[in-house]
Amino acid sequence: MLVLKKMKKVAVQRTAYVVFLITFGASNQFNNHMKRILTWMLAFAVVAGASAKTKAVKTQPQLAFDPTIGETRTLTMPDGQMVNYTAYEGMFFVTNVEDSTYQTINVYVPDGATQQTPILLRTYVGGYMAAPTQQPKAGDATGRALREGYVVAIPGSRGRNSTVVATKTDKKAGIKRGQTIYTGRAPAAILDLKAAIRYLRQFDDVMLGDAEKIITDGTSAGGAMSSLMGATGNNPAYEPLLRAMGAAQQRDDVFASVCYCPIIDLDHADMAYEWLYNGTDSRQQGDAAVLAVSNELKAQFPAYLASLNLHTPDGTLLTADNYLDYIKRELIRAAQIAKNAGADIPDSLGFTFSKEDMGGMPPINGGVRQGGGQMPPMMQRGGPGGGKPGDYIIDLDMPTYLNYVVSTQPLKTAPAFDTQGVAGGRASGENDEFGNKSGSKVNFTDYSAAKTGSVVSDDIRENVRLLNPMNFIGDGVTDVAPHWYIRHGARDRDTSFPVPINLALKLQNAGKDVNFLLAWNRPHSGDYALDELFDWINTIVTGK
Ligand code: DHB
């Protein structure tokens, strides 16, 4: 009887906690202080339960979606158009919630949506940090998606800076009760996002929108997450981790991924960065220790590139000898598209323009290639004729251009990502990302580890592997998204051009539909050129 009473009391306490989490955990104002108090309440409940020798009472939130409790809202777009939609917010996407601030999803359904409506899943991950759920914004792809009639899903996710207070001692993990634990070190963020996808599938029948038509979108570290959602569908390596979290037992492959400046391939991004930027004035005239590191890393890139066995769309094997020329052609393509749309392309950036009248014909080494955008009117078949001097970009001096990129924003140090302890480098966000639950910062590449006299442990190596989409494309066991939209700004130096190019080519080589561009004059940013993005989305979802 007494035991039963205690059981009931514990159950009530825990239920109250869960209700509290569901009520407040969904709101962004749910502050850490409250969370700690509640965590202690739960710890108390657990201890009380244990001392009463009761069986564990199952009070974890169940996965749930109630289509009847949505709230009707209106979003006003920049042009004044009002978009009406129904909001469903704060649903847990796992049952073993470790961090109630982040492990929830919001879903927004515009008026007129049906069971067949595609779903834009936007992650707001940035800097590999925790991302709370958000509401749709008129100025980004979420608002635009609602206006286009798409369902919008915005999951939160744990990240390298998210913490909770440990409710129990875990000797094996070296964690004491009351200790601050970092909940979001790799691969937590992608696990949360995969769990969110599974949640959408779990409730596909009762929620408007088609979980078989999920289009992921993110920028930078969020672009990395988007690429991971696209590239790791149903891969078995994530399965036990998702199971332990209490994710729905569903598939987690997606239909398409939109990746703006994805910060990926972290185990090779340092060598790619130095391979591209080693020759810039910034490196050559900079710190001698940094240049020495740059020289060593640069030398590692050709072997890595060869191991990828990438082919350009015309079938040429990409090597360290022809790669700079390929980047040059991609930059010329991007600049020509912008020029055709009216942008002024200064020759001080290293460009050479056509000098003669082309008689309506694009030059052999310039102009826009097939699929590369609209020809200027005078170039179109039956147009007024022309191809005036200066209409076409025919060459680009890469050293001049790379110095220009670096002039718009100083280079990162070398190594650019695994910085900690190398050439005087302090820990980067990525050194945090691969740290452990106690908040350690670690080297994650063999190069930097060797420089600091450490080795990359098997655990860290596996986390690095799980965070790199390059590992899964074409592996024969992973369901990689069929459609990809990848953008990297033509003056974005946060990671080097080969990183997104390698991703795009690896996908293309694996037979995927890839729309890639080094978007002209864009710095490190995302959700731009939304007309173009939504034209593309419309094409892939209608198949027209
Ligand atoms: C981001 C930018 C970086 O330069 C980086 O190394 C990691 C993440 C970001 O903006 O998300």
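**A walk through the predicted model**

Among contacts in the protein with a separation of 6 or more, 74% join residues 24 or more positions apart. The model is a predicted one. Its secondary structure consists of 16 helices and 13 strands. The protein has 544 residues, and 55% of them count as buried. Its accessible surface comes to about 23,000 Å², and carbon and sulfur atoms account for 53% of that area.

The interior is a convenient place to begin. The largest nonpolar core holds 142 residues, and within this core Leu200 and Phe497 touch the most other members. Helix H4, which spans residues 188-202, supplies the largest share of this core, with nine residues. Leu200 has contacts with Ile105, Val107, Ile119, Leu121, Ala153, Met207, Ala211 and Ile214, leaving aside its neighbours within four places in sequence. A second core, separate from the largest one, is made of six residues, among them Val293, Leu297, Val422 and Tyr447.

H4 also has a helical partner. The axes of H4 and helix H5 (residues 221-231) come within 10 Å and cross at roughly 55°. Angles from 65 to 115 degrees would count as roughly perpendicular and those under 35 degrees as roughly parallel, so H4 and H5 are oblique to each other. The crossing of H4 past H5 is right-handed. On the H4 side the residues that meet H5 are Ala189, Ile190, Leu193 and Ile197, and on the H5 side they are Met225, Leu228 and Met229. The spacing of such residues has a general background: an α-helix has 3.6 residues a turn, so residues three or four places apart point the same way.

The loop that leads into H4 holds a cis peptide bond. This bond joins Ala186 and Pro187, with omega about 5°. Pro187 lies in the loop between strand E7 (180-182) and H4. Another cis peptide bond joins Ala414 and Pro415, where omega is about -5°. Pro415 is placed in the loop between helix H11 and helix H12 (429-433). As a general matter, most peptide bonds are trans.

Ala427 is found in that loop as well, between H11 and H12. With 34% relative accessibility, Ala427 counts as partly exposed, because the partly exposed class runs between 20% and 50%. The C-alpha atoms of Ala427 and Phe417 are 8.8 Å apart, for residues separated by 10 positions along the chain. Not counting residues up to four places away in sequence, Ala427 touches Thr419, Gln420 and Lys441.

Helix H7 covers residues 269-277, and nine of its nine residues are buried, so H7 is largely enclosed by the rest of the structure. The buried residues of H7 include charged and aromatic side chains by name: Asp270, Glu274, Tyr273, Trp275 and Tyr277 are among them, and Ala269, Met271, Ala272 and Leu276 are also buried. What packs against the buried residues of H7? The partners are helix H8 (281-284), helix H9 (288-308), helix H10 (323-340), helix H11 (398-408) and helix H15 (498-509).

Two loops that border these helices each contain a residue with an unusual backbone angle. In general, most residues other than glycine have a negative phi. Cys261, in contrast, has a positive phi, near 35°. Cys261 is located in the loop between strand E9 (256-260) and H7. Is Cys261 buried or exposed? Its relative accessibility is 1%, so Cys261 counts as buried. Asn309 likewise has a positive phi, near 55°. The place of Asn309 is the loop between H9 and H10. Asn309 is partly exposed, and its relative accessible area is 46%.

A last stop is Val97, in the loop between strand E2 (82-92) and strand E3 (104-110). Val97 has a relative accessible area of 24% and is partly exposed, because a residue counts as buried under 20%. Although Val97 and Ala247 are 150 residues apart along the chain, their C-alpha atoms are separated by 9.8 Å. Leaving out residues up to four places away in sequence, the contacts of Val97 are Pro61, Phe92 and Gln103.

Terms used: Residues numbered from 1 in each chain as written. Predicted model: local features only at pLDDT ≥ 70, side-chain atom pairs only at ≥ 80, totals over all residues. Heavy atoms only, no water. Helix = DSSP H or I, 4+ residues; strand = E, 2+ residues; numbered from the N terminus. Buried < 20%, exposed > 50% of the residue type's maximum accessible area, 1.4 Å probe, protein only. Contact = heavy atoms within 4.5 Å. Areas by Shrake-Rupley, 256 points an atom, 1.4 Å probe, with all protein chains shown as cover. Core = buried A, V, L, I, M, F, W, Y, C linked by side-chain atoms within 4.5 Å. Axes fitted to C-alpha atoms, helices over the stretch in contact; angles between N-to-C directions. Parallel < 35°, antiparallel > 145°, perpendicular 65-115°, else oblique. Left-handed = near helix turned anticlockwise from the far one by under 90°.
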